[in-house]
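Trainee: Could we go through this model one step at a time, starting with the fold of one chain and ending with the contact between the two?

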Amino acid sequence: MGFFRQVLVMAAKDLRAELRTKEALNASLAFALVILLLFSFAFDPTEETTREISGGLLWIVFAFAGALVLNRSFARELPNDCLDALVAAPISGAALFLGKAVANFLLVLAVELVSLPVFGIFYNVRWTSQFGELMLVLALGTWALTVIGTIFSALTVNIRLREVMLPMLTYPILVPALLGAMQLTTGLMAGQPIGPDTVAWLKMLIGFDVVYTAVSLVLVESVLVG
Amino acid sequence: MSAVAVDGVWKFYGDFPALRDVHLEAAAGSCLALIGRNGAGKTTLLRIIAGFSRPGRGQVRIFGNPPRETETRRQIGFIGHGISVYDELSALENLTLFGRLYGLADPRRSALEWLERTGLERVRNGLVREFSRGMRQRLAVARAFLHEPAVLLLDEPFTALDDRAIAVLQTLLRQALSERKTIILSTHQLREALELASHVALLNRGQAAFCGPCTPEMASDPGLIYARYGEG
């Protein structure tokens with residue numbers, strides 16, 4: 001079986017298991033919506049303020065809600081020692097990792113796509129004005145979040161306090177990607193397309209994704225086999 | 001060439017040596033019973049042979065190749081302490097998933113065949129979380145045998161099995177031996193193990209205290225090995 005077929009089989013397995021239980025998805029979605037709702041009441045922001053904080057607020061919500069999905073990624077393999085069966089199977093660690101990362105990416109993206117219209121309504125923001133570019137930034141930022149989250153989910157899977165450890169390990173590394181995603185999203189929410197003054201953030205986000213995906217693919221075998 | 005060769009394997013957990021210079025060999029078609037007290041290192045050794053864990057020193061070869069090579073992994077079937085199947089998937093989905101991961105030509109057909117052989121055909125679409133313990137264990141056996149592995153590594157396979165699961169497993173193991181497959185099983189249930197075993201290895205505090213053929217004397221009096229080579 002080819003590498004990409006293995007990736008698809010793993011991603012389909014994780015998505016099927018999650019959609020049956022909806023453990024992580026429900027928790028993540030509920031968290032995102034409650035935070036957006038609470039902030040809308042707490043600040044009562046003007047239109048100008050909303051534009052200024054939109055990128056930061058959205059990505060803080062996405063990062064924390066995403067952690068709830070990412071925490072379950074390898075933890076899902078713990079009951080019944082399923083991780084042993086995956087490690088024993090003749091698939092590369094890279095395919096196993098990438099399959100899980102793709103499944104996590106789709107789940108976190110689904111939470112984000114539900115959160116965006118809610119954000120638009122509560123904060124009176126026309127978030128669709130730069131829709132294409134916003135989706136590009138969303139995809140790049142979410143991939144950064146999931147690739148780092150998935151590799152650290154593998155690393156912390158056998159740690160007793162993994163729910164605490166995962167955010168503590170991932171957020172410091174994610175700072176450059178989150179900064180880039182926040183800056184770009186703030187501009188796009190204000191209706192400004194990505195221009196010469198913000199394109200550097202986009203390049204940095206793409207570079208972050210490429211570098212950390214490559215590093216994770218190389219390291220995952222050592223992470224899985226102790 | 002040995003089917004499984006363990007050559008001078010050490011494993012450390014911190015400073016503690018869980019395995020100390022273990023040498024073992026299992027020929028193709030043989031059944032090696034790995035026995036020893038709790039904490040002797042049986043599970044650690046099996047996990048290293050299966051490629052789940054790397055030895056601190058020494059090496060393991062399966063048909064001359066390292067256990068982590070992709071082709072070598074295709075030749076290994078493992079039953080550990082857990083059943084290694086997903087509660088959220090049905091029995092058929094579980095076996096089809098592993099059939100795909102092992103690159104079987106027709107994963108669904110192989111899955112159905114093994115569900116029938118383990119008596120789970122009737123509940124093939126039932127979610128594993130709704131299965132009884134015995135059914136889950138038979139599914140675990142089906143998962144380990146699904147890809148027709150040449151080497152079977154079984155960590156206390158008879159523990160907590162119901163009568164039907166024991167019968168299924170014993171039948172499959174005898175059949176595997178008749179097909180010259182290699183079996184290494186760790187166990188505390190000496191009588192069941194020695195009925196199948198052609199060879200015995202006794203691990204004592206991480207060292208191979210004895211490794212040799214299973215004699216009729218040992219099979220009739222399982223405690224003899226401990227008395228003679230163990231701590232009594």
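Trainee: Which pattern does chain A follow when it is read along the sequence?

Mentor: This is a predicted model, and in it the secondary structure of chain A comes to eight helices and zero strands. Read from start to end, chain A therefore has the pattern α-α-α-α-α-α-α-α.

Trainee: What radius of gyration does chain A have, set against the globule rule?

Mentor: The C-alpha trace of chain A spans about 55 × 35 × 30 Å along its principal axes. For 226 residues the globule rule gives 17 Å, and the value for chain A is close to that, so chain A is as compact as a globular protein of that length. The radius of gyration of chain A is 18 Å.

Trainee: Where in chain A is confidence highest?

Mentor: Over the whole of chain A the mean pLDDT is 92, with 99% of the residues at 70 or more. Confidence is lowest in helix α3(A), residues 47-75, where the mean is 90. The highest mean in chain A, 96, belongs to α6(A).

Trainee: How are helix α6(A) and helix α7(A) oriented, parallel or antiparallel?

Mentor: Two packed helices are described by the distance between their axes and by the angle between them. The axes of α6(A), residues 131-155, and α7(A), residues 162-189, come within 9 Å and cross at roughly 175 degrees. Angles over 145 degrees count as roughly antiparallel, so α6(A) and α7(A) are roughly antiparallel.

Trainee: How many nonpolar residues does the contact of α6(A) with α7(A) have?

Mentor: On the α6(A) side the residues include L134(A), V137(A), L145(A), I148(A) and F152(A), and among those they meet in α7(A) are L166(A), L169(A), I173(A) and L184(A). By class, the contact has five polar residues and one charged residue, while its nonpolar residues number 14.

Trainee: Turning to chain B, which strands stand at the edges of its open sheet?

Mentor: Three strands of chain B form the open sheet, in the order β2-β1-β4 and with antiparallel pairing. From one strand to the next the twist averages 20 degrees. Each edge strand has a single partner, so one side of it is left without a neighbour in the sheet; these strands are β2(B), residues 16-26, and β4(B), residues 57-62.

Trainee: Which residue of β4(B) is the bridge partner of A5(B)?

Mentor: Strand β1(B), residues 4-13, pairs with β2(B) over seven bridges, and there A5(B) stands opposite E25(B), while V4(B) stands opposite A26(B). Five bridges join β1(B) to β4(B), again in the antiparallel sense. In β4(B), the partner of A5(B) is R61(B).

Trainee: Which residue in the turn of the hairpin has a positive phi?

Mentor: The hairpin is formed by β1(B) and β2(B), with two residues between them. The phi in question is about 65 degrees, and the residue is G14(B).

Trainee: Which element gives the largest share of the side of chain B that touches chain A?

Mentor: In the contact between the chains, 28 residues of chain B meet 20 residues of chain A. The elements of chain B that give two or more residues to its side are α2 (70-74), β5 (76-79) and α3 (91-101). By class, that side has twelve nonpolar, eight polar and eight charged residues. Its largest share, four residues, comes from α3(B).

Notes. Residues numbered from 1 in each chain as written. Chains lettered and ligands numbered in written order. Predicted model: local features only at pLDDT ≥ 70, side-chain atom pairs only at ≥ 80, totals over all residues. Contact = placed C-beta atoms within 7 Å. Nonpolar A, V, L, I, M, F, W, Y, C, P; charged D, E, K, R; others polar. Axes fitted to C-alpha atoms, helices over the stretch in contact; angles between N-to-C directions. Parallel < 35°, antiparallel > 145°, perpendicular 65-115°, else oblique. Pairing = 2+ DSSP bridges. pLDDT = per-residue confidence, 0-100. Rg over C-alpha atoms; globule rule 2.2 N^0.38 Å.
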